[in-house]
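Student: Please take a close look at a single helix in this model, and then follow its surroundings outward. I would like one connected account.

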Amino acid sequence: MKRVQYDRHGGPEKMYFGDFDLPPVGDGEVRVSVRAAAVNPLDWKLRQGAMKLFTGRRFPKGMGTDFAGIVEAVGGKVTDLKVGDEVFGTVDFRKSGAFAETVLVDAGQVARKPSQLSFAEAASLPIAAMTAWVAIIDKARPRSGTRIFINGCNGAVGAFAVQLAISHGAHISGACGPASRASAAAVGVGRIFGYADRQAYAQYGKYDAVFDTLGTLDIGHGLSMLNPKGVFVDINPTPGRLIRGMLSRRYKLAFATMGIKHLPAIAELAGRGTLRPTIGLEAPFTDALSVIADAETGSRSSPGKAVLAFEGAGQAASIARR
Ligand SMILES: NC(=O)c1ccc[n+]([C@@H]2O[C@H](COP(=O)([O-])OP(=O)(O)OC[C@H]3O[C@@H](n4cnc5c(N)ncnc54)[C@H](OP(=O)(O)O)[C@@H]3O)[C@@H](O)[C@H]2O)c1
């Protein structure tokens, strides 16, 4: 089967369509025929080698983590899924390879696709919504009236964070770029600032939580925007920030991997319309290399999530001719 893979860490030029044979389905695994796969910043960060320590030196490595599709085989110990089920989920980033016709994944890393959602919408959920869940529900813990500031409030993680926090009664302020203001307002951000307005972020009062989705807010400044018991939540770790996260009660790091157990709850919220993915581009799998490169370099004109759509054997033949 065809997948997007790379033989060395590096830039977009390292990606290519390769042939890959999946191993047999393990006891606790399912094999899924991919119908849609969504592009996340994690995909190119892994390919660039940002997490070499965790991903090891074995190549080629497949790209892509978030997908939605149809179960085509189940392992002997999988009891809650069967062939033909529509699912969505995320492959373990150490084995990543969702930009592929088929994925092999632990059954615990998939959930049933809500029938109200398309495959593309479901594929847009896992990493971004799980990260938002851990940051907002587990770390910021919003209740009715909680005041939260979200830096980067209209990215994939930011928009889900806004929706989750509002569903718990929180009031959201946030910062975004000029092109994002209208969709940030539409998703429910009450007070919207530009990134250059940093000194004005807390002019209407301090916050119970500050969530920096982009890793660009100075931590000292973020902490100064908080009430005495407020928390600063960060999802862009550096070695220094990891140490700070271990030592500080008010500065917390959140990771998507901690949120896999929340996938069924995310499916339910998405099915009810509480979580609504924004898809900016839906392109055929045959365009994967340029779609990923454009998302990585920021040269895509349409905002929102980039999603690859899979159409089966004809597509594989088209890739083979390239
Ligand atoms: N710790 C973890 O486990 C974890 C998990 C997921 C992500 N992350 C990290 O968190 C960061 C954000 O991830 P992400 O998936 O949210 O990235 P993203 O969707 O690419 O969003 C990043 C920024 O791109 C712009 N953008 C995205 N969608 C837009 C839209 N519909 N309209 C206009 N602009 C849009 C926004 O910037 P403007 O506001 O400037 O317009 C947005 O804040 C990345 O660095 C990622 O690696 C970490």
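Tutor: In this predicted model, helix α5 covers residues 156–167, which makes 12 residues. From its first C-alpha to its last, α5 reaches 17 Å, close to the 16 Å expected at 1.5 Å a residue. After the helix comes Gly169, whose phi is positive, near 90°.

Burial comes next. Of the 12 residues of α5, 9 are buried, so the helix is largely enclosed by the rest of the structure. The buried residues are Val157, Gly158, Ala159, Phe160, Ala161, Val162, Gln163, Leu164 and Ala165. An α-helix has 3.6 residues a turn, so residues three or four places apart point the same way. The cover over the buried residues of α5 includes helices α4 (126–140), α6 (181–187) and α9 (263–272). Strands β9 (147–151), β10 (171–175) and β12 (207–212) also contribute to that cover.

One residue that touches α5 is Thr213, which sits in the loop between β12 and α7 (219–224). Leaving aside neighbours within four places in sequence, Thr213 is in contact with Val157 and Gly158, both of them buried residues of α5. The other contacts of Thr213 are Ile150, Asn151, Gly152, Ile235 and Asn236. The side chain of Thr213 also reaches the backbone oxygen of Asn151 at 2.8 Å. Thr213 has a relative accessible area of 10%, under the 20% cut-off, and therefore counts as buried.

Helix α5 also takes part in the surroundings of the ligand. A backbone N or O atom of Ala156 lies 2.8 Å from an oxygen atom of the ligand. Ser180 brings a polar side-chain atom to 2.5 Å from a ligand oxygen atom. At Ala256 a polar backbone atom is 2.8 Å from an oxygen atom of the ligand. Taken alone, the ligand exposes 890 Å², and the protein buries 77% of that. Two or more residues of the shell around the ligand come from each of α1 (41–48), α4 and α5. The shell consists of 22 residues, of which the closest are Lys45, Ser180, Tyr195, Ile235 and Ala256. Ile235 is also among the contacts of Thr213.

For another part of the chain, consider strand β1 (residues 2–6), where 5 of the 5 residues are buried. Lys2, Val4 and Tyr6 point one way from β1, while Arg3 and Gln5 point the other way. Strand β1 pairs with β2 (residues 16–19) in the antiparallel sense over 4 bridges, and Lys2 has Asp19 as its bridge partner in β2. Strand β4 (residues 61–62) runs antiparallel to β1 and is joined to it by 2 bridges. The bridge partner of Gln5 in β4 is Gly62. Together these 3 strands form an open antiparallel sheet in the order β2-β1-β4. β2 and β4 stand at the edges with a single partner strand each, so one side of each is left without a neighbour in the sheet.

To return to the helix, α5 is largely enclosed, and it gives two or more residues to the shell around the ligand.

Key
Residues numbered from 1 in each chain as written. Predicted model: local features only at pLDDT ≥ 70, side-chain atom pairs only at ≥ 80, totals over all residues. Heavy atoms only, no water. Expected span 1.5 Å × (residues − 1). Buried < 20%, exposed > 50% of the residue type's maximum accessible area, 1.4 Å probe, protein only. Contact = heavy atoms within 4.5 Å. Pairing = 2+ DSSP bridges. Near = heavy atom within 4 Å. Polar contact = N/O pair within 3.5 Å; in protein donor to acceptor, adjacent residues only side chain to side chain. Areas by Shrake-Rupley, 256 points an atom, 1.4 Å probe, with all protein chains shown as cover.
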